[in-house]
Amino acid sequence: MGVKKIAFFGCKSTTRFLVKSIISKYKISNIITVSPEKNKKIIIPDYCDLKKEFGDSLDVYQVNRYDLKDKSDIQKIKDFKIDIAFCIGWQRLIPAEILSSVSVGIFGMHGSSQNLPKGRGRSPMNWSIIENRKIFYTNLFKYKPGVDDGDILDTIKFSITNKDNAETMHFKNMLAMKHIIFRKMKSLNQETFILKEQKATKPTYYPKREPEDSQIDWSVNIEIIERLIRAVSKPFNGSFTFLKKEKLIIYEAQIFDKYQFKYDDCKNGQIVEIFNKEKFLIKCNGGLLLVKNFECNIQIEENDLLETDYSSFKVFEKNNLGFFDLMK
């Protein structure tokens, strides 16, 4: 049967981590990715230039279109004669014509706090923190033309702690993918793997999150604010608010105390103490928030009031349980 020809689709640091991990034990022939020039137009969170990373040792192809609908992209990928591909850090569907050209299959990762078919769609790790979920299931599944609807090759679950943020969730997810791929590579090469259909329950889908969706609403409880900050921290764009009409971006914060000390009469969103130039306290509904990493073009001062621009604030629809994954 011979050794299969292995490729990766991806354009993120997640892809880089897994390529480096897998290449230590298995030969990888091709990487299909996005160029830095194209990324400047579409802005992929946590983008990584894989041509720069691996171009000297692997055949790295930079696509003309991220959605792979360009005819020359399709033909080029078909000419690679790939047997097995892993789609890691590629937030687009793979066209059916490319799927059918890969002899064993293209396998991608998707996870959710409830496990598939619940929680298909976009940004499931971010949503899991926002929803205060405690468990996350990472799946490696065989791609079909639909959205996260393929049969499952393997699953690993991990915990979501009160300290987890977007970065640590990515780290956990990368480790889960690494171990699944190592666990299943032999059966993939020998074509002896077994796929499991997703549960026959009504699927739900998370909506896409854009950077502008991460504005802080200072009227809600401090725990909701703190979870949002963790959920969209680096490698994403961070949560934000407005100070004297200037954007203030918060990358890291923690609940400092549930009591108000002497600040009970202060307004929600008011800066009540500045410990040094890098850390300050905000009075919130239900406690005090300590900001530890932020960015702002103007100097902050005590008693400054941070504001929510409700004219541009997006409110996501919730299901009947109060979560954000919806039935179509």
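**Entry 1. Terms and model**

I take helices and strands from DSSP runs, helices with at least four residues and strands with at least two, numbered from the N terminus. The model is predicted.

**Entry 2. Backbone oddities**

I began with phi. Most residues other than glycine have a negative phi, and most peptide bonds are trans. I noted the exceptions below.

L68 is not a glycine, yet its phi is positive, about 60°. I placed L68 in the loop between β3 (59-62) and α4 (71-79). Is L68 buried or exposed? I read 0% relative accessibility for L68, which counts as buried.

D46 also caught my eye: phi is positive there, about 60°, and D46 is not a glycine. I found D46 in the loop between α2 (36-42) and α3 (50-54). D46 has 22% relative accessibility and counts as partly exposed. The reason is the cut-off: buried means under 20%.

Next I checked omega. The bond from L116 to P117 is cis, with omega near 10°. P117 sits in the loop between β5 and β6 (120-121). K234 and P235 are also joined by a cis peptide bond, with omega about 20°. I traced P235 to the loop between α8 and β10 (239-243).

**Entry 3. Cysteines**

I counted disulfides and got zero. I then looked at C48. C48 is in no disulfide, and the nearest cysteine sulfur, in C11, is 9.2 Å away. The rule needs a pair of sulfur atoms within 2.5 Å. C48 is buried, at 5% relative accessible area.

Why is C266 without a bond to C284? Because the sulfur of C266 is 12 Å from that of C284, the closest cysteine sulfur, and this is too far for a bond.

**Entry 4. Nonpolar cores**

In soluble globular proteins, nonpolar side chains tend to be buried together. I went looking for such groups here.

The largest nonpolar core has 33 residues. Which of its residues have the most contacts inside it? I listed W218, L248, I250, F280, I282, L289 and V291. The elements giving two or more residues to this core are α6, α8, β11 (246-257), β13 (279-284) and β14 (287-296). α8 gives the most, with five residues.

I followed V291 outward, leaving aside residues up to four places away in sequence. V291 touches I250, A253, F280 and I282, and also E252, E278 and K279.

Another core lies apart from this one. I noted 28 residues in it, including I31, V60, I88 and F107.

**Entry 5. Largest pocket**

I turned to open space. The largest pocket holds about 1100 Å³. I found 42 residues lining it, and those closest to its centre are K12, Q91, G121, R122 and S123. Which elements give two or more residues to this lining? They are β5 (105-112), α6 (124-130), β7 (135-142), α7 (166-190) and β9 (205-206).

I sorted the lining by class. It divides into 21 nonpolar, 13 polar and eight charged residues.

**Entry 6. Second largest pocket**

The second largest pocket holds about 530 Å³. I found 23 lining residues, with I130, I224, F313, K318 and F324 nearest the centre. Two or more residues come from each of α6 and α8 (222-231). Here α8 gives the most, four residues.

By class I have twelve nonpolar, three polar and eight charged residues in this lining.

I noted the recurring helices. α6 serves the lining of the largest pocket, that of the second largest pocket and the largest nonpolar core. α8 gives the most residues to the largest core and to the lining of the second largest pocket.

**Entry 7. Enclosed space**

How many cavities of 30 Å³ or more does the whole structure have? My search found one. The largest cavity has a volume of about 50 Å³. Its lining is I129, N132, R133, K134, I160, T161, N162 and R230. By class, I read two nonpolar, three polar and three charged residues.

Definitions and conventions. Residues numbered from 1 in each chain as written. Predicted model: local features only at pLDDT ≥ 70, side-chain atom pairs only at ≥ 80, totals over all residues. Heavy atoms only, no water. 1 Å grid on protein atoms, 1.4 Å probe; cavity = no way out; pocket = protein on both sides within 12 Å on 5 of 7 lines; lining within 4 Å. Points joined across faces, edges and corners; volume = space filled by probe spheres on them. Nonpolar A, V, L, I, M, F, W, Y, C, P; charged D, E, K, R; others polar. Buried < 20%, exposed > 50% of the residue type's maximum accessible area, 1.4 Å probe, protein only. Core = buried A, V, L, I, M, F, W, Y, C linked by side-chain atoms within 4.5 Å. Contact = heavy atoms within 4.5 Å.
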